Amino acid sequence: MDKAGIPVVTIDGPSGSGKGTISRALAERLGWHFLDSGALYRAVGLAASWADIDLNDDDALARCAAETSVQFVDRKGDDPLVFVNGVESSSDLRTELAGATASAIAAVPAVRAALVDKQRSFRQAPGLVADGRDMGTVIFPEAVIKVFLTASADERAERRYKQLKQKGFEVTLSTLLREILARDARDAERPVAPLKPASDAILIDTTGIGIDEVVDRVLAQVLANPY
Ligand code: C5P
């Protein structure tokens, strides 16, 4: 089958909207592949910090994006392990600092361009669920179903707080809320691939809704759609 025949579902939205958990659950229910595109941007940010690259040096950042290798190793019932240039970096990638660095380098057009083919290479049979900010608008505009998730900033900060606490990180809710709002503003206001719903996206506000209900709603849309 050529790539054009392989269905893609895109799940975009701001940080803490439930994208990651929902996309992963959906991919599992469908038996499809999963792309965590945010992890690629986080990995480039981490590799750039290892190499002491100045975050204002667009050319060096773009080279770093093209050269950084990222591997996901699936684990049953747990988040995958992520290896950056061969180094197991799963915890380092999840910090808010890694998120903020990712958001800074993600605003550089040449960095985004360097990651396009890498992201599209995840489109493998029988299908792909792709999670990010521009999956439906830029990377997979031909996706069969495009979802844009939102949730109130307070609830997003609270979800993030629980997630990070569970993983053993020391964080405070008020700091997280501030960081999330700053990251959203930067992601939404950048000129290239800003965070916004595709014109044909299904908008779902996940405030006060359980993950399972959202997954069921999206799954019903996918199954009702001939692809
Ligand atoms: O989704 P996650 O929080 O891991 O993403 C980290 C950062 O990477 C986002 O704040 C955003 O700036 C950037 N990103 C992006 N485009 C994507 C995925 C993530 O710009 N498709």
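Two strands are said to pair if DSSP finds at least two bridges between them. The exercises below apply this idea, and others like it, to a predicted model.

**Exercise 1. The parallel sheet**

Work out in which order the strands of the 5-stranded open sheet are arranged, and which strands stand at its edges.

*Solution.* Begin with the order, which reads E2-E6-E1-E7-E8, with parallel pairing throughout the description of this open sheet. Next, look for strands that pair on one side only: these are strand E2 (33-36) and E8, the edge strands. From one strand to the next, the twist averages 20°. Now take one pair from the interior of the order, namely strand E1 (residues 8-12) and E6, which pair in the parallel sense over 5 bridges. One of the residue pairs to find in the structure is valine 8 with leucine 128, its bridge partner in E6.

**Exercise 2. The antiparallel sheet**

Describe the open sheet of 3 strands, and explain what it means for a strand to stand at its edge.

*Solution.* The strands follow the order E3-E4-E5, and their pairing is antiparallel. Strand E3 (70-75) and strand E5 (87-88) each have a single partner strand, so one side of each is left without a neighbour in the sheet. For the pairing itself, turn to strand E4 (residues 78-84), which is joined to E5 in the antiparallel sense over 2 bridges. Valine 84 has valine 87 in E5 as its bridge partner.

**Exercise 3. Two helices that cross**

Decide how helix H1 and helix H10 are oriented towards each other, and which kinds of residue make their contact.

*Solution.* The axes of helix H1 (residues 19-30) and helix H10 (residues 211-224) come within 10 Å and cross at roughly 50°. Angles under 35 degrees count as roughly parallel, and those from 65 to 115 as roughly perpendicular; H1 and H10 are therefore oblique to each other. The crossing in which H1 passes H10 is right-handed. On the H1 side the contact involves Thr21, Ile22, Ala25, Leu26, Arg29 and Leu30, while the residues from H10 include Ile211, Val214, Asp216 and Leu223. Sorted by kind, the residues of this contact are 11 nonpolar, 1 polar and 2 charged.

**Exercise 4. A serine in helix H5**

Determine whether serine 103 is buried or exposed, and which residues it touches beyond its neighbours within four places in sequence.

*Solution.* First locate serine 103, which lies in helix H5 (residues 96-105). Its relative accessibility is 4%, and because buried means under 20%, serine 103 counts as buried. Once its neighbours within four places in sequence are set aside, serine 103 is in contact with Arg183, Arg186 and Asp187.

**Exercise 5. Unusual backbone geometry**

Most residues other than glycine have a negative phi, and most peptide bonds are trans. Find where the backbone departs from this at aspartate 52, alanine 193 and proline 126.

*Solution.* Aspartate 52, although not a glycine, has a positive phi of about 55°. Aspartate 52 sits in the loop between helix H2 (37-50) and helix H3 (58-67), and with a relative accessible area of 71% it is exposed. Alanine 193 likewise is not a glycine, and its phi is positive at about 40°. The loop that holds alanine 193 runs between helix H9 (173-189) and strand E8 (202-205), and here the relative accessible area is 15%, so alanine 193 is buried. Finally, the peptide bond from alanine 125 to proline 126 is cis, with omega near 10°. Proline 126 belongs to the loop between helix H6 (109-120) and strand E6 (128-132).

Technical notes: Residues numbered from 1 in each chain as written. Predicted model: local features only at pLDDT ≥ 70, side-chain atom pairs only at ≥ 80, totals over all residues. Heavy atoms only, no water. Axes fitted to C-alpha atoms, helices over the stretch in contact; angles between N-to-C directions. Helix = DSSP H or I, 4+ residues; strand = E, 2+ residues; numbered from the N terminus. Parallel < 35°, antiparallel > 145°, perpendicular 65-115°, else oblique. Left-handed = near helix turned anticlockwise from the far one by under 90°. Contact = heavy atoms within 4.5 Å. Nonpolar A, V, L, I, M, F, W, Y, C, P; charged D, E, K, R; others polar. Buried < 20%, exposed > 50% of the residue type's maximum accessible area, 1.4 Å probe, protein only.
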